[in-house]
Amino acid sequence: MIVFLIMVLIYFLLLIFIGLIAFRKTKKTPEDYFIAGRTFGPIILFFSLAATNFSAFAFLGFSGNAYKSGLGQYGIMGFGTAIMAIMFYIIGRKVWKLGKEKKYITPPELIGDRLNSRFLRLLFMGVMVIFTIPYLAVQAVGAGILIQYVSGTISWQIGAIATIFVIMFYVLLGGMRGSGWADVFQGVIMITAMTFAVVFIAISLGGFENANLMAYNANPVLFTRPGGSEYFTIQIWFSFMLLWIFVDPMFPQLFTLFYTAKNQKSLKISMILYPIIVSFFFLFPVLIGVWAHGAGVTMPPGQEDMVLPLMVQRYTPSIIFAFIMTGALAAFISTADSQLLSLSTMLSHDLLGLKKGKKEVLYGKIVIIMLSLFAVLFVIGGYNPNEGIMGTLVKTTFSGLVVLCPTAIAALYWKKVTKYGCISSILIGEFSIILFYYKFLPDFGFLHGILALLISTFVLIVVSYFFPKKRIEVL
Amino acid sequence: MKNPSFWLPKKNNFLWYLFFIFLFLLSIDFWNWGASKPLFLGLPFWVFYLLFLTLFLSGIFYLFAKFFWREDK
């Protein structure tokens with residue numbers, strides 16, 4: 001589809017243009033390149049936090065899951081993500097303050113320095129890197145699938161690889177400043193695109209109420225809980241509500257954004273606006289997934305994540321379809337750029353342990369290129385589309401990262417925490433996930449990540465009490 | 001207890017603790033399980049309940065930021 005390809009080309013060129021402008025404004029220091037010199041005001045910070053968190057998962061995964069299981073998908077994503085914004089105070093405020101005082105630029109740097117442990121710093125970094133790379137690849141895969149779907153001729157692998165290279169290029173140029181500016185641009189595009197999608201589809205289905213009633217008559221189970229396949233049990237509901245609060249701030253791309261705030265007012269305003277954007281933006285893809293039943297759309301098993309593009313294609317004019325798909329691309333890319341940057345910051349700053357200066361920025365850029373190539377390899381060889389985006393993410397990223405949260409909170413607040421407590425908490429927490437996954441431990445219907453969070457918290461407290469060491473200073 | 005653990009509420013934040021926990025518990029609306037009616041604009045009541053609970057949270061965050069969150073320079 002030529003209109004879509006032209007829009008994507010213009011969009012990619014604009015991203016590179018933003019990267020070029022940011023390049024001219026960015027000093028060659030790690031602080032300026034990796035965290036934009038701690039200058040993000042409320043607007044850029046809010047859009048960065050939102051666009052970074054709303055990913056391929058929000059566009060394709062939400063509608064795919066809603067198609068399978070129903071409106072409950074809105075419940076497990078909406079409120080849980082909204083109340084997560086309290087972490088902008090609990091974690092963000094202290095990270096911002098410590099970062100400013102001690103010149104931290106990565107999450108592991110803060111944790112390792114607070115507990116005076118290089119091993120802990122590397123462990124924290126290792127977990128973040130290992131569980132973020134699949135998440136990064138999933139964004140590219142989402143973009144590739146869309147490009148294949150809309151173009152009809154370009155394979156998803158080629159689409160994904162092209163997307164990775166565009167992201168790599170503008171992140172290399174503009175660093176965090178470029179990424180933040182691009183997030184404002186992309187945030188506006190994706191919010192507009194999603195609004196267009198729901199409005200046009202609703203009109204085509206005879207209005208908002210009629211679209212809902214058609215879906216209700218076709219499959220009323222989707223309007224109740226536990227919903228389709230009885231997925232939304234109380235345990236699953238509770239697990240997800242809790243999961244987002246503790247896992248979202250542990251995404252390195254979100255944690256790093258706390259350093260970029262100009263002041264605490266930026267964090268405050270982001271916290272207030274976050275539930276507003278979540279309440280509507282997360283509802284729209286869920287509605288479209290559910291409406292597909294009323295519209296008589298049948299998705300083959302394993303292909304549910306494509307229900308949103310299919311509905312948009314069927315019920316909107318071709319130019320609007322192209323715009324909405326470009327908006328979906330923006331959701332993928334705005335997450336992937338921040339992931340790529342935060343990963344490269346950690347690998348160059350925490351792993352290589354370079355002296356601060358221009359060389360660190362150079363190494364960071366080399367790492368960006370290496371990570372991009374690694375993501376390409378993941379795309380070519382590692383992704384199983386039959387699991388769906390939700391399945392892939394939940395099984396890898398979310399469970400793996402949530403285990404870091406007790407360590408992060410304790411390092412910021414608890415005087416008695418020790419490095420042994422933190423190390424054991426992370427190692428045993430991750431090990432417990434393997435035990436839950438292979439059913440060596442019963443999960444009682446809860447998400448594995450939540451049970452691992454409890455275990456890691458318990459281990460952190462017990463080991464810190466049993467192996468007391470030097471107390472840390474708490475702000 | 002001389003040194004209460006850091007996660008326990010203190011005098012100045014006790015009400016906020018209670019309020020956020022209460023809001024979290026309200027989101028586990030088990031009493032709506034199995035219900036799809038009444039429908040409003042074709043959607044079940046519980047969808048609007050969650051939508052307004054989320055918007056209400058934004059208002060609470062505003063009050064929290066204004067009256068509790070003291071900015072460090």
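Which residues does Arg121(A) touch, not counting residues up to four places away in sequence? Pro108(A), Glu109(A), Gly112(A), His349(A) and Asp350(A). The notes below take up that residue and then the rest of this predicted model.

1. **Arg121(A) and its partner.** Arg121(A) sits in helix α8 of chain A, which covers residues 118-151. Its relative accessibility is 16%, and buried means under 20%, so Arg121(A) counts as buried. One of its contacts, Asp350(A), is also its salt-bridge partner, with the closest N and O atoms 2.7 Å apart. Asp350(A) belongs to helix α16 (residues 318-351) of chain A, so the pair ties α16 to α8 across 229 residues of sequence. Asp350(A) is buried too, at 0% relative accessibility.

2. **The salt bridges overall.** Over all chains, the structure holds 4 salt bridges. Side chains of opposite charge can pair when their charged atoms come close. Besides the Arg121(A) pair, another of these joins Glu31(A) to Arg38(A), at 2.7 Å from N to O. Here the two ends are not equally covered. Glu31(A) is partly exposed, at 26% relative accessibility. Arg38(A) is buried, at 10%.

3. **The bridge between chains.** How many salt bridges are there between chain A and chain B? The count is 1. Arg225(A) pairs with Asp29(B), and their closest N and O atoms are 2.7 Å apart. Across the interface of chain A and chain B, 11 residue pairs are in polar contact, both residues being at pLDDT 80 or more. Are the two ends of the bridge buried or exposed? Arg225(A) is buried at 0% relative accessibility. Asp29(B) is likewise buried, at 0%. The pair runs from the loop between α10 and α11 of chain A to the loop between α1 (14-26) and β1 (39-40) of chain B.

4. **Extent of the interface.** Contact between the chains involves 50 residues of chain A and 39 residues of chain B. The buried area is about 4100 Å², with carbon and sulfur atoms giving 76% of it. Three residues, Phe79(A), Arg225(A) and Lys268(A), supply 19% of what chain A buries against chain B, more than any other three residues. Arg225(A) thus appears both in this trio and in the salt bridge to Asp29(B).

5. **Make-up of chain A's side.** Across the interface there are 11 residue pairs in polar contact. The elements of chain A that give two or more residues to its side include α5 (72-83), α6 (87-102), α13 (264-281) and α19 (405-413). Helix α13(A) gives the largest share, 10 residues. By type, this side divides into 35 nonpolar, 8 polar and 7 charged residues.

6. **Ser270(A), inside α13.** Ser270(A) is found in helix α13 of chain A. At 0% relative accessibility, Ser270(A) counts as buried. Its side chain reaches the backbone oxygen of Ser266(A) at 2.8 Å. A polar atom of that side chain also lies 3.5 Å from the backbone nitrogen of Phe46(A). Leaving aside neighbours within four places in sequence, Ser270(A) contacts Pro42(A), Leu45(A), Phe46(A), Leu49(A) and Phe88(A).

7. **Leu222(A), in the loop.** Leu222(A) is in the loop between α10 and α11 of chain A. Despite the loop setting, Leu222(A) is buried, at 1% relative accessibility. Among the residues it touches beyond four places in sequence are Ala66(A), Tyr67(A), Leu71(A), Gly228(A) and His293(A).

8. **The nonpolar core.** In soluble globular proteins, nonpolar side chains tend to be buried together. Here the largest nonpolar core has 202 residues. Those with the most contacts inside it are Phe54(A), Tyr274(A), Trp291(A) and Met311(A). Helix α9 (residues 156-204) of chain A gives the most to this core, with 20 residues. Trp291(A) touches Met311(A), and its other contacts beyond four places in sequence include Val198(A), Ile201(A), Leu205(A) and Phe208(A).

9. **Chain B.** Chain B has 2 helices and 2 strands. Along the sequence they follow the pattern α-β-β-α. Of its 73 residues, 42% count as buried. Among chain B contacts between residues at least 6 apart in sequence, 50% join residues at least 24 apart.

Terms used. Residues are numbered from 1 along each chain as its sequence is written. Chains are lettered from A and ligands numbered from 1 in the order in which they are written. This is a predicted model: local features need pLDDT of at least 70, side-chain atom pairs count only at pLDDT 80 or more; totals for chains, interfaces and linings use all residues. Side-chain values use heavy atoms; hydrogens and water are left out. Contact means heavy atoms within 4.5 Å. Buried area is the accessible area (1.4 Å probe) that two parts lose on being put together, summed over both. A salt bridge is a side-chain nitrogen of Lys or Arg within 4 Å of a carboxyl oxygen of Asp or Glu. A polar contact is a pair of N or O atoms within 3.5 Å; within protein, one must be able to donate a hydrogen and the other to accept it, and residues adjacent in sequence count only if both atoms are side-chain atoms. Helices (H or I, at least four residues) and strands (E, at least two) are DSSP runs, numbered from the N terminus. Ala, Val, Leu, Ile, Met, Phe, Trp, Tyr, Cys and Pro count as nonpolar, Asp, Glu, Lys and Arg as charged, and the others, Gly among them, as polar. Buried means under 20% relative accessible area, exposed over 50%, partly exposed in between (1.4 Å probe, protein chains only). A nonpolar core is a set of buried Ala, Val, Leu, Ile, Met, Phe, Trp, Tyr and Cys residues joined through side-chain atoms within 4.5 Å.
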